[in-house]
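Hi,

Here is the structure I said I would pass on. Have a look at it first, and then read on for what turned up.

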Amino acid sequence: METGFQKYHDMKLTPLNIQLTELYEKIIKDLSPPRPLPTDTRDKRDKNKYCKFHKDHGDKNENCRALQIEVQRMIDAGKLQKYVNKDFGKGPGQFGTTHVINAHVINVSHARIHSMTMRASKDESGRKLRHLKEWYLTNHIDFVNGNGEEIRELGCTKIKFSEADMIGEYAPHNDVVFIIAWIGMFRVHRILVDTGSSVNVLFSGAYSSMNLPHNLIEEDENPIISFSGEVTKEIGKVKIPITVADKSVLGNFLLLDCRAPYNAIVGRDWLHEIGAVTSSYPQCLNFISPEGVVKVRSDQMVAHKCHESAMDEYKKPEVSGNQIMRVEQK
């Protein structure tokens, strides 16, 4: 699953055929009260601007991001359609040209429907796992104990992928990249490397096992959304070192109490911090260290198991499409 977690400020807004200030007066009774503005910004706000939605100074209704988000959520729920600019693909919308969406472009990617029968699919899955297990055993690769997961190309100063990276890989595949890393004092398995995520995440199963001191956990009022539009409120945030192949950086993690087939997600900020390049095709993550290039193998067996677990849960009739399952800790 590619989460693509993002802060609300990344949400694309549907252009309107009416000014936001005017729309507010029409829907005021349908709006939930917003969160108060941060008290520590009270003395810094522009007293000449007043937001009716917040009933406070700081900005005008037209530029109120919280109001824009509430209106967008109502539109996504099928409401306010008479106020949507039906011709927004022909010119700038009410929120500016950066939010204009081409009406003739489809931005939805549906999951591929597998044509194999359930029995054939399970047989193929079994063959894949046996192949990977045999190759791991033959080449003394043990992800549990950290043997063979890292390859160091001493003296190399360029990151590149080659056919040699494909040795031992089961292909064709659609597996994502899973790595093992030290998070704080714990060696954590099932870490999803997600270039589509703007944040790092620790899921409840992992951070509960860490018994993090309460004074390390900071409050965070910003909700996050997944690619499906599902809103999740984090328990808090914490700063913990992430170490891979002796390269350690301070990671900012959101703590989420929700089900997932993995323990953590590392996103773009961590990848950029260590200068890493990842590729799902050769199933590895590369970055440059003082000694040369480090290649971190993805545990393709874990990637496959997580994918199968998520898909099995998705197929259950009582589970909605945007839910994923919690799997047994390794």
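Let's start with β10, where the side chains alternate along the strand. Gly-236, Val-238, Ile-240, Ile-242 and Val-244 point to one face and are buried, while Lys-237, Lys-239, Pro-241 and Thr-243 point to the other and are not buried. Bear in mind as you look that this is a predicted model.

Strand β10 covers residues 236-244 and pairs with β11 (residues 247-256) in the antiparallel sense, over 9 bridges. If you want to check the register, Ile-242 has Val-249 of β11 as its bridge partner, and Lys-239 is matched with Asn-252 in β11. So you have one residue from each face of β10 to go by: Ile-242 comes from the buried set, Lys-239 from the other. The two strands make a hairpin with 2 residues between them. Take a look at Ala-245 in that turn, which has a positive phi of about 50°.

β10 also pairs with β5 (residues 177-183), again in the antiparallel sense, but here over 2 bridges. Trp-182 of β5 has Thr-243 in β10 as its bridge partner. Thr-243 belongs to the face of β10 that is not buried.

Now for the wider setting of these strands. Which order do the strands of the barrel follow? There are 6 of them, and they close up as β5-β6-β12-β7-β11-β10, with mixed pairing. From one strand to the next, the twist averages 45°.

There is an open sheet as well, made of 4 strands in the order β4-β15-β14-β13, and its pairing is antiparallel. β4 (150-154) and β13 (277-279) each have a single partner strand because they stand at the edges, so one side of each has no neighbour in the sheet. The twist in this open sheet averages 20° from one strand to the next. Inside the sheet, β14 (residues 284-289) and β15 (residues 292-297) run antiparallel and are joined by 6 bridges. For a landmark there, find Leu-285, which stands opposite Val-296 in β15.

On to the helices. Which residues of α1 are buried? In this helix (residues 20-27) they are Leu-20, Leu-23, Tyr-24 and Ile-27. These residues are on the same side of α1 because they cover an arc of only 110° around the axis. What covers them includes α2 (65-76).

The two helices pack at an angle of about 65°, and their axes are 11 Å apart. Their crossing is left-handed. On the α1 side, the contact is made by Leu-20, Leu-23, Tyr-24 and Ile-27, and on the α2 side by Leu-67, Gln-68, Val-71 and Met-74. Sorted by class, that contact has 7 nonpolar residues, 1 polar residue and no charged ones.

One last residue to click on is Gln-72, which lies in helix α2. Is Gln-72 buried or exposed? Its relative accessible area is 4%, so Gln-72 counts as buried, the cut-off being under 20%. Its C-alpha atom is separated by 6.7 Å from that of Thr-14, although the two residues are 58 apart along the chain.

Cheers

Notes. Residues numbered from 1 in each chain as written. Predicted model: local features only at pLDDT ≥ 70, side-chain atom pairs only at ≥ 80, totals over all residues. Heavy atoms only, no water. Buried < 20%, exposed > 50% of the residue type's maximum accessible area, 1.4 Å probe, protein only. Arc of directions from axis to C-beta. Contact = heavy atoms within 4.5 Å. Pairing = 2+ DSSP bridges. Axes fitted to C-alpha atoms, helices over the stretch in contact; angles between N-to-C directions. Left-handed = near helix turned anticlockwise from the far one by under 90°. Nonpolar A, V, L, I, M, F, W, Y, C, P; charged D, E, K, R; others polar.
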